Amino acid sequence: RAKRNGSGLVCFYEPSMDESARRRSEFALALKSALRNNELRLQFQPQHSVATIEMIGFEALLRWNRGDDHRVSPADFVPIAEETGQIVEIGAWVLREACREAASWTRPLFVAVNVSARQIALSDVVGLVREVLFETGLPASRLELEITESAVISDLNHTLHVLRQLKATGVRIAMDDFGAGYSSLSVLRAFPFDKIKMDRSLMAEADRVPQAAAIIRAVIGLGRSLGIPVLAEGVETMAQLDFLRREGCGEAQGYLLGRPAPIEAFADVVRSNGPRAAPELRGTRVA
Ligand code: C2E
Ligand code: MG
Ligand code: MG
Ligand code: MG
């Protein structure tokens, strides 16, 4: 039985409904008001050059604070927002916020925004990107869109068409979470991505699992052959950073270099000519 509540969302409650379905239904309703109630925020996580450890840009990451320190992880609510289609409205908000923020920086670092497959399938992402760039005045060259390979595969022809149009606007397209799924190579062949982001599961295993280290090396070589930068996600230790440096990986992102935080945490980097090396690593030499 369908119950309509004030928000206009239809919510299904059945006594037999299992716990996870109930939770999803509840999440979907709460998400509906999250935007209006100002419960969504962006945090920014720096991306660094491995060679100089300087910050080169930031990834915008969505945060949902339901009040009283009740924080919900995007890994939990983004999939639900995708299922219900709410990701279209939320994704538009994220893009607008991230671009407005980046446009205010005096240092011309780029901002990377995650775009979900459902946004591409359900809405006019190209029109949205054009509109937001115009509205905020952010140069297209400072916007990077992160798309997962599964997003590309799920509706190959339509997605490739959209990605080509996006690229024509001057924004860069990064393949996110590379190596986490299947068919990575065919997707790379089908579209000229501007960057490969290696999934952090590879980095996490690199010390213990020889195959993971071998794959990282291969992906770095692939990026070199294709002429595009490779970024390693999930860099948490100095040993991992040293490994990437030795293997010639260009870019890195991870807790070692900087955790996601409100942009105020990076004010001296984006709003002035202050140093832009990772604060924790400033002055250290990577072997
Ligand atoms: P992602 O795009 O691959 O983002 C990277 C995730 O790795 C972030 O998790 C980040 O906090 C985490 N991370 C960064 N460095 C490290 C590290 O050194 N160690 C570990 N263990 N984790 C690290 P987060 O913020 O929880 O986001 C999870 C996922 O949710 C994102 O994965 C992305 O797929 C999705 N997401 C986040 N924000 C948005 C958004 O605005 N739109 C869409 N569509 N998806 C989003
Ligand atoms: Mg991402
Ligand atoms: Mg990723
Ligand atoms: Mg991810």
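## Metal sites

Donors are N, O and S atoms within 2.8 Å of the metal, and water is not among the atoms, so sites may look incomplete. The structure is a predicted model. On that definition, Asp 176 coordinates both the magnesium ion (ligand 3) and the magnesium ion (ligand 2), and the two ions are 3.9 Å apart.

## The magnesium ion (ligand 2)

Four residues coordinate the magnesium ion (ligand 2): Glu 59 through OE, Asn 114 through OD1, Glu 146 through OE and Asp 176 through OD. The distances run from 2.0 to 2.2 Å. Along the sequence, the spacing of these donor residues is E-x54-N-x31-E-x29-D. Because Glu 59 belongs to strand 4 (residues 55-65) and Asn 114 to strand 6, the pair ties together parts that lie 55 residues apart in sequence.

How buried or exposed are Glu 59 and Asn 114? Glu 59 has a relative accessibility of 4%, and so counts as buried. Asn 114 has a relative accessible area of 30%, which means that Asn 114 is partly exposed. The cut-off that separates the two classes is 20%, with buried residues under that value.

## The magnesium ion (ligand 3)

For the magnesium ion (ligand 3), the protein donors are OD of Asp 176, OD of Asp 177 and two OE entries from Glu 233. They lie 2.0 to 2.6 Å from the ion. The donor residues follow the sequence pattern D-D-x55-E. Distant parts of the chain are linked here by Asp 176, in strand 8 (residues 172-178), and Glu 233, in the loop between strand 10 (230-232) and helix 11 (238-247); the two residues are 57 apart.

Both members of this pair fall under the 20% cut-off for burial. Asp 176 counts as buried at 5% relative accessibility. Glu 233 is also buried, with a relative accessible area of 10%.

## Largest pocket

The largest pocket holds about 1,200 Å³ of space. Its lining is made up of 45 residues, and those closest to the centre are Glu 59, Leu 61, Pro 74, Asn 114 and Asp 176. Glu 59, Asn 114 and Asp 176 also appear among the residues that coordinate the magnesium ion (ligand 2). Sorted by class, the pocket lining contains 18 nonpolar, 15 polar and 12 charged residues.

## Largest cavity

How many cavities of 30 Å³ or more does a search of the whole structure find? The search finds 1. The largest cavity has a volume of about 40 Å³. Helix 3 (87-103), strand 6 (110-114) and helix 5 (125-136) are the elements that give two or more residues to its lining. Helix 5 supplies the largest share, 3 residues.

The lining consists of Gly 91, Leu 95, Val 113, Asn 114, Val 115, Gln 119, Val 125, Leu 128 and Val 129. By class these are 6 nonpolar and 3 polar residues, with no charged ones. Asn 114 therefore has a place in the cavity lining as well as among the donors of the magnesium ion (ligand 2), where strand 6 carries this residue.

## Cysteines

A disulfide is a covalent bond between the sulfur atoms of two cysteines. With a cut-off of 2.5 Å between cysteine sulfur atoms, the count of disulfides is 0. Cys 99 has a relative accessible area of 0% and is therefore buried. Cys 249, at 5%, is buried as well.

How values were computed. Residues numbered from 1 in each chain as written. Chains lettered and ligands numbered in written order. Predicted model: local features only at pLDDT ≥ 70, side-chain atom pairs only at ≥ 80, totals over all residues. Heavy atoms only, no water. 1 Å grid on protein atoms, 1.4 Å probe; cavity = no way out; pocket = protein on both sides within 12 Å on 5 of 7 lines; lining within 4 Å. Points joined across faces, edges and corners; volume = space filled by probe spheres on them. Nonpolar A, V, L, I, M, F, W, Y, C, P; charged D, E, K, R; others polar. Helix = DSSP H or I, 4+ residues; strand = E, 2+ residues; numbered from the N terminus. Buried < 20%, exposed > 50% of the residue type's maximum accessible area, 1.4 Å probe, protein only. Donors = N, O, S within 2.8 Å, 3.2 Å for Na, K, Ca; no water.
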